[in-house]
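Hi,

Here is the structure I promised to pass on to you. My notes on it follow below, so please have a look at both together.

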Amino acid sequence: RYGVDDSDLLLVTTPSGIFNKHKHTPPDDFLSVARSELKLMQRISPSVAFLDMDLPVSPADIGQGLLDEKGQPRCKVAVFGRGAFSSGKHDFKPESFWTDPGLHQAFQKYLDGGGCILLGPSYPNREVLPDWLVSMTGGGWEEGIVPDKAVVASSARIQSNQKLLDEVDVANTVSESAHAVTFAGETFEDTQNLPDGLNERKMIKDDGRGFSAYYQFTVKTEPGVKHRLWLRVNTGRNMKGMALLVQQGEKWVQVGVRTQNDGATRHFEALYFDVPADRITSDQTVFRLISKTGDEVNTYHLWMYKVEGGANLSWTELLGFSPNHNVGEVSHGLIPHGKDWKMPVLLSQHPEQAALIVRKIGNGYLIRSELSLEDSVNTLKALIKDQTREQLKNALAGS
């Protein structure tokens, strides 16, 4: 038997993906899939357990990964990685593997006990949906066939919970002077006229800067309140490795980092960093955008909001999604069956389909997502917090 320790996160995944794209994968690349997923989980929490689906893992082993000897959840969130819930030769698990009644019992007991399960992206037309999972979820779901961009549902209503406090017009002398802007490692200053990432027909003209060290600024804030910094960036240049730091006394504290580029056609995109309430201690706060790798990053405009609502945040926000940010792209959407599914992330051109669906089962939550795990970091960070899961229960009940 293959056992795991108690943890915040349990990752169940296929390490090699040997047969994913190429018939002959070099041995050095055999672990590429799981290596990236495992590193991602370890960024979310240092407490991570791992089950390797390429080993002769049994349904009972997965059950023991979910539940301890007393039948209680062994982990807060169980993450099934890329294609782990698909049948096929990529992990040597036939479809019958997932129909095992013991697996059904383990899933049900784990969810009843308050655990969370995230089923990550599937390989098209190979996802397993056993009868017990269809029954448990009130009908299951179907897979769409068209690639699309993922957008946050009800973004206008979420936006109403944000109040603008201040903004910095980057590369504007008057605005930068008023916000005590300094920077180091400047690589360019330019003006761009680019389409809006959320509406390609809308063109935005803006001035910006590139830098390989830092861009420092001071903005108005309100002590003891959660804040959110939005920034406009040019996706035609690198964004990976850009982090936000807040000054506290003589120290700089990191509150967020961008971990990947957009990978789409060049446009202006709005990104955000959340700043916890305990990091804001005065009505003026100094921040730095930095390049952690020394590679060029960029910004064209900055907006500082306070986030109102506290415990009354919507369930979409509690899952880590905020308005106007690019959630990512998916190879196909999901069409849920049953009235109890929630759809916090939709497809931009096919809003009847979702990129992520969530359903409360027992005291826990089952999430089926076509978003990459990289695009699901905020959701996983939220779900490992006991307080968030309790708030989510109340928010879903009132939605």
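Let me begin with helix 2, whose buried residues are Pro 59, Asp 61, Ile 62, Gly 63, Gly 65 and Leu 66. Please keep in mind as you read that this is a predicted model. Helix 2 spans residues 59–66 and is mostly covered, with six of its eight residues buried. The cover over those buried residues includes strand 1 (7–13), strand 2 (48–52), strand 3 and helix 3.

Two residues of this helix turn up again in the largest nonpolar core. That core has 35 residues, and the members that touch the most others are Leu 10, Ile 62, Leu 66, Phe 80, Trp 98, Phe 107 and Ile 117. At least two residues each come from strand 1, strand 2, helix 2, strand 3, helix 3, strand 4 (116–119), helix 4 (131–136) and strand 20. Helix 3 gives the most, with five residues. Another core, of 33 residues, lies apart from this one, and Leu 11, Ile 367, Leu 383 and Leu 392 are among its members.

Next, the aromatic residues. The structure holds eleven aromatic pairs. One of them is formed by Phe 80 and Phe 107: their ring centres are 5.8 Å apart and their planes meet at 45°, so this pair is tilted. Since Phe 80 belongs to strand 3 (residues 75–80) and Phe 107 to helix 3 (residues 101–112), the pair ties together parts that are 27 residues apart in sequence. Phe 80 is buried, at a relative accessible area of 0%, and Phe 107 is buried with a value of 0% as well.

Ring pairs also link Phe 80, Phe 97, Trp 98, Phe 107 and Trp 132 into a cluster. Leaving aside residues up to four places away in sequence, Phe 80 touches Val 12, Ile 62, Phe 85, Trp 98, Phe 107, Ile 117, Leu 118, Leu 119 and Gly 120. Ile 62 of helix 2 is thus one of the residues in contact with Phe 80.

Two rings have a charge over them. The charged end of Lys 93 sits over the ring of Phe 97, 5.8 Å from its centre. Arg 288 lies over the face of Tyr 214, at 3.8 Å from the ring centre.

I also looked at two single residues. Arg 359 is in strand 20, which covers residues 354–361. Is Arg 359 buried or exposed? It is buried, because its relative accessible area of 13% is under the 20% limit. The side chain of Arg 359 makes a polar contact of 3.1 Å with the side chain of Asp 340. Beyond four places in sequence, the residues that Arg 359 touches include Met 136, Thr 137, Gly 138, Trp 341 and Tyr 365.

Val 219 is found in strand 9 (residues 199–220). This residue is buried too, with a relative accessible area of 2%. Which residue, 64 residues apart along the chain, has its C-alpha atom 8.3 Å from that of Val 219? That is Asp 283. Asp 283 is also among the residues that Val 219 touches, as are Asp 166, Val 168, His 179, Gln 284, Thr 285, Phe 287 and Met 304.

Happy to talk it through whenever suits you.

Best wishes

Methods
Residues are numbered from 1 along each chain as its sequence is written. This is a predicted model: local features need pLDDT of at least 70, side-chain atom pairs count only at pLDDT 80 or more; totals for chains, interfaces and linings use all residues. Side-chain values use heavy atoms; hydrogens and water are left out. Helices (H or I, at least four residues) and strands (E, at least two) are DSSP runs, numbered from the N terminus. Buried means under 20% relative accessible area, exposed over 50%, partly exposed in between (1.4 Å probe, protein chains only). A polar contact is a pair of N or O atoms within 3.5 Å; within protein, one must be able to donate a hydrogen and the other to accept it, and residues adjacent in sequence count only if both atoms are side-chain atoms. Contact means heavy atoms within 4.5 Å. Rings of Phe, Tyr and Trp (its six-membered ring) pair if their centres lie within 6.5 Å; planes under 30 degrees apart count as stacked, over 60 as edge-to-face and the rest as tilted. A charge sits over a ring if NZ of Lys or CZ of Arg is within 6 Å of the ring centre and within 35 degrees of the ring normal. A nonpolar core is a set of buried Ala, Val, Leu, Ile, Met, Phe, Trp, Tyr and Cys residues joined through side-chain atoms within 4.5 Å.
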